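Hi,

Here is the structure I promised to hand over. Have a look at it first, and my notes follow underneath.

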Amino acid sequence: MLNADALKQLTQLKTEIRSTKEFAEGRVRGSSGKFGFVVLDDGREAFLPPAEMDRVFPGDRVRVSLSEEEQGKLSAELDQLIASDLTYMVGQYIQRGQGHFIQPSEQGLSRWIFLPPKARGKAQPGEFIACSITRHPFKDGKSQAKVESVIGKPDMAGIEHAFIVAQHRLPKRFSQAALEQAATIPEKLEALCAERKDLSELGFVTIDAETTRDMDDALAVTQAEDGWILHIAVADPSSLIEPGSPLDKEAHQRANSVYLAGETLPMLPASLCENSFSLLAGELRPALVLHITIGGDGALNGFEYEFAAIRSRHKLSYNQVARFIEGDDSAVPADQHQSLRLLDALSKARAGYRAGHSLMMEDRPDYDLILNEQRKIERIEKLERTVAQRMVEEAMLATNICAGQKLAELNAGCFSIHLGFRDERMAEIRALLKDTLPTYVEQDLHQLDVYLKLVKELEAHDDAEMKNVLAVLKRMLRPGELSNKAAPHLGLGLAHYATVTSPIRKFNDLHNHRVLRTAQAGNPLPSFNDQQSEILQQQVATGRQADRALQQWLYCQYLESKIGETFTGTITLVNGAGIGVRMEENGINGFVRFNGKKNPFEFDGKRLRITRGEERFQLDQKVPVKVSAVDIDKRRIALELVADTQEERLDSTPEQADSTAG
């Protein structure tokens with residue numbers, strides 16, 4: 001037994017050893033193996049061996065001691081668990097002998113979590129389940145979970161949808177209080193409309209997809225002395241859904257309607273978004289109406305807004321309107337011929353004006369996923385954008401530009417902003433510009449005028465090298481975001497932008513209606529603080545992640561029967577491992593991995609370009625690919641390049657052919 005002096009010496013030795021170690025804090029990042037990493041607060045990354053990774057979850061915030069290994073690489077040893085955000089997970093119930101576990105779907109978490117006997121409920125092995133974490137593994141590497149709900153069996157129709165909804169915790173049911181409030185709204189509509197000016201004589205119509213029921217905007221156009229007046233009527237739920245009410249709380253929690261393949265999770269109950277507030281043909285509805293004066297050159301010369309009532313005359317589809325514009329007068333009712341021709345002329349003028357003064361969005365096709373009875377993909381239909389969709393898009397953009405301007409003047413509202421390049425990529429961006437457009441190297445690329453001038457200059461170049469520079473720069477942009485403070489939208493090349501055209505689908509639009517209505521009445525403007533904005537942004541992002549995750553799962557299943565088939569694709573990603581390719585026929589993305597040992601290649605990280613022998617691969621280049629393998633469990637699609645001689649390239653342009661010659 002150690003005496004008191006020996007214990008004191010041992011304690012002192014431990015203290016001295018501890019004082020010589022470097023400690024740091026960071027977050028755990030998992031991997032596809034049993035090991036992991038700690039991303040330190042100072043940007044460094046430390047390796048976390050399997051035995052240490054067993055004691056934490058991905059995303060945990062930890063304190064670690066660091067040691068330097070070979071070639072200067074850092075290794076971490078856990079010292080303290082500071083915080084763990086992982087309290088919920090979904091996965092499959094696995095039984096191995098007497099052991100019962102959940103195999104989590106959590107990215108970077110490759111081990112199974114034990115399910116004690118009393119924590120299994122009525123779940124059965126093989127089923128997909130949702131669980132709460134009841135024991136963290138930090139102390140001894142042993143973690144436990146409890147089954148909260150059974151999602152379904154693997155062969156259940158629509159199991160993919162149910163799993164993704166559970167995984168992302170998307171709300172499907174409305175509270176009883178919200179449903180009770182919704183039931184009182186239809187009886188209030190008539191009285192509200194009776195108090196308002198009826199603008200139906202302007203001749204509003206809705207233009208949407210044939211299957212759309214939640215119609216939140218209607219259009220009409222009249223001729224002006226030098227141009228047009230665009231009248232936009234937008235559904236007005238703000239007048240009957242009070243802030244803080246059950247429906248308001250539910251709408252804020254959802255943030256927006258989530259459109260999954262074959263399923264919609266609406267922001268408001270279907271009785272409201274598809275009926276009471278929807279601008280159905282022949283039904284009188286409350287609306288926010290903007291009257292926008294547009295010059296013959298496409299410039300926005302002013303606007304007014306009012307809260308009124310309108311009765312849409314017709315529900316027109318994109319297909320009907322496109323056929324009419326292309327010459328088929330019988331495609332739409334005769335009373336809409338003049339207004340639609342004016343809308344066509346107006347939209348072309350606006351597109352021309354925006355091309356000269358702001359930035360145009362890439363005109364890419366949409367893809368319609370046709371599902372079978374099991375709610376898996378039966379086929380994918382490629383949908384080229386029609387002239388009618390462009391007409392409606394220009395009208396919506398004009399409306400939201402005007403709304404952004406007004407809300408910026410009021411210094412209130414929820415703005416859609418885009419702050420341009422990622423700060424952490426600025427060194428790479430300036431290095432690239434130094435070789436191509438050196439006059440921009442010292443300029444502030446986050447300023448709207450500078451960014452706009454840079455993109456316009458790159459767009460004006462016809463040579464493949466400058467087009468590649470533009471493509472590379474676009475991959476270094478931040479995503480757009482919502483903010484309660486006015487700021488530019490660099491992606492659109494606009495000083496301000498705030499959406500008001502979808503208040504039955506998007507909470508930020510609903511809030512902006514409230515601001516405009518309150519401002520018109522001269523009352524104190526409703527606030528929208530940073531925390532509310534962050535919650536809204538996070539929920540919008542969660543909905544998008546769920547949509548992508550579901551599509552990727554369905555895509556993998558769909559392509560299982562197409563292994564070996566060849567498609568034309570476009571390179572959308574280039575890194576040191578290979579190229580990401582989007583197949584044009586179906587819009588599905590896969591990855592071509594280059595094996596450096598068998599066929600050496602050079603990766604140019606500055607220009608995102610791979611050179612292999614006489615071949616060159618870069619962003620936006622067309623390449624023929626073959627589906628080589630599909631891993632449904634990991635949601636991965638592997639592609640291979642097919643014969644890549646110049647004659648066999650599919651749909652190559654002369655510039656692209658030159659760019660591949662090396």
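Before the helix pairs, one cut-off to keep in mind: an angle of 65 to 115 degrees counts as roughly perpendicular, while angles that fall outside this and are neither under 35 nor over 145 count as oblique. Also, please remember that this is a predicted model.

Let's start with α9 and α10. Helix α9 covers residues 337–357 and helix α10 covers residues 387–410; they pack at about 65°, and their axes are 9 Å apart. That angle is why the two count as roughly perpendicular to each other. The crossing of α9 past α10 is left-handed. If you want to click through the contact, the α9 side is L340, L343, D344, S347, R350, A351 and R354, and these meet V387, M391, E393, E394, L397, A398 and I401 of α10. Sorted by class, that contact has 8 nonpolar residues, 5 charged ones and 1 polar one.

Now for the other partner of α10, which is α14. Here the axes come within 11 Å and cross at roughly 60°, so α10 and α14 are oblique to each other. This crossing is left-handed too. K406, L407 and L410 are the α10 residues in the contact, and N512, V515, L516 and A519 are those of α14. The classes here are 5 nonpolar, 1 polar and 1 charged.

What about α14 itself? It runs over residues 507–521, and its 15 residues reach 21 Å from the first C-alpha to the last, close to the 21 Å expected at 1.5 Å a residue. Of those 15 residues, 11 are buried, so the helix is largely enclosed by the rest of the structure. The buried set is not just greasy side chains: among them are N508, D509, H511, N512, H513 and R514, along with F507 and L510. Two of the contact residues facing α10, V515 and L516, are on the buried list as well. Right after α14 comes G522, with a positive phi near 75°.

Next, α12, residues 448–460. Its 13 residues should span 18 Å at 1.5 Å a residue, and the end C-alpha atoms are indeed 18 Å apart, so the two agree. Buried residues in α12 are L448, V450, Y451, L452, L454, V455 and L458. They pack against α9, α11 (426–436) and α13 (464–474).

One of those α12 residues, L452, turns up again around S358. Where does S358 sit? In the loop between α9 and β19 (366–371). Its relative accessible area is 4%, so S358 is buried. Beyond its neighbours within four places in sequence, S358 is in contact with L452, K456, L492, G493 and L494.

Last, two loop residues with a positive phi that are not glycines:

- L608 has a phi of about 45°. It lies in the loop between β26 (602–604) and β27 (609–612), and it is buried, with a relative accessible area of 11%.
- D620 has a phi near 70°. Its loop is the one between β28 (615–618) and β29 (622–631). At 38% relative accessibility, D620 counts as partly exposed.

That's the tour. Shout if you want to go through any of it together.

Cheers

Technical notes. Residues numbered from 1 in each chain as written. Predicted model: local features only at pLDDT ≥ 70, side-chain atom pairs only at ≥ 80, totals over all residues. Heavy atoms only, no water. Axes fitted to C-alpha atoms, helices over the stretch in contact; angles between N-to-C directions. Helix = DSSP H or I, 4+ residues; strand = E, 2+ residues; numbered from the N terminus. Left-handed = near helix turned anticlockwise from the far one by under 90°. Contact = heavy atoms within 4.5 Å. Nonpolar A, V, L, I, M, F, W, Y, C, P; charged D, E, K, R; others polar. Expected span 1.5 Å × (residues − 1). Buried < 20%, exposed > 50% of the residue type's maximum accessible area, 1.4 Å probe, protein only.
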